Amino acid sequence: AGGTPQNFPTMPTMRLLLLSLLSSAFSLHLSPASFRRPLTERAPTIVALAAKKAKTVQVVLASKVSGLGKEGELVTVKAAYAQNFIIAKGLGAIATKEVLARIAADEAQRSADAAAAKQAAADAEAAMGTVFGGQGLFIKKKVGPDGALFGSVTASEIAEMIEQRAGVKVDKRHIEVPQLSHVGTAVADVQLHKEITAKLKICVVPATM
């Protein structure tokens, strides 16, 4: 009558049940964390997205874009800006390998043309120096008794005489004519190229000479 009831668990069995319950409770307590990804695991994804947003591309502008560049210019912009603004509005196109090759070829041609133009101007300056030398370009004008000119020396007549005598064609707009109101000499600036300006001495003499 004083023994353990038949259906009541023994001490070893109770220990096993208790351990089982503790294990289940511990498992349930940690289970929510298993569904949460640590920040260190999410960092690569965040970095990748940031890198994707910061990706840049080269585009060739089809027209001038304020604050960016002019028509035909190659610029580097963010991919999103290129797609959503430049390309969407028809202001430019992605610079493919073919486009980049064409731009390089065009640039090389422009450089060659610029070098040729400069060399032609240098040759023209040399030709003028050979013809006019230190004596200068003589222009005959009608003058009064006091040597005052009737009329004036114009850029047109200087350009014409340069072409006739030296074989150099010069735009009259590129000749800076000195002030000449009497017989005498002065120096005219003849721009043959943006980097080359020839100095030409103008000698005005009476037409009777």
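**Exercise 1.** In this predicted model, check the length of helix 5 (residues 155-166) against the distance between its end C-alpha atoms.

Solution. Helix 5 has 12 residues. The expected span is 1.5 Å times one less than the number of residues. For helix 5 that span should be 16 Å at 1.5 Å a residue, and the end C-alpha atoms are 16 Å apart, so the two values agree. Just after the helix comes G167, with a positive phi near 75°.

**Exercise 2.** Which residues of helix 5 are buried, and which elements do they pack against?

Solution. Start with the cut-off: buried means under 20% relative accessible area. The residues of helix 5 that are buried are A155, E157, I158, A159, M161, I162 and A166. Next, look at their partners. The buried residues of helix 5 pack against helix 4 (97-132) and against four strands: strand 4 (137-141), strand 5 (175-176), strand 6 (184-193) and strand 7 (196-206).

**Exercise 3.** Work out the strand order of the open sheet formed by three strands, then place the helices that lie across strand 1, strand 2 and strand 3.

Solution. The order is 2-1-3, with antiparallel pairing. Strand 2 (74-78) and strand 3 (92-94) are the edge strands, each pairing on one side only. From one strand to the next, the twist averages 40°. Strand 1 (residues 56-61) is joined to strand 2 by five bridges, and T56 stands opposite K78 in strand 2.

Now add the helices. Helix 3 (residues 79-87) lies across strand 1, strand 2 and strand 3, at about 115° to strand 2. Helix 4 also lies across these three strands and runs at about 55° to strand 1.

Definitions and conventions
Residues numbered from 1 in each chain as written. Predicted model: local features only at pLDDT ≥ 70, side-chain atom pairs only at ≥ 80, totals over all residues. Heavy atoms only, no water. Helix = DSSP H or I, 4+ residues; strand = E, 2+ residues; numbered from the N terminus. Buried < 20%, exposed > 50% of the residue type's maximum accessible area, 1.4 Å probe, protein only. Contact = heavy atoms within 4.5 Å. Pairing = 2+ DSSP bridges. Axes fitted to C-alpha atoms, helices over the stretch in contact; angles between N-to-C directions.
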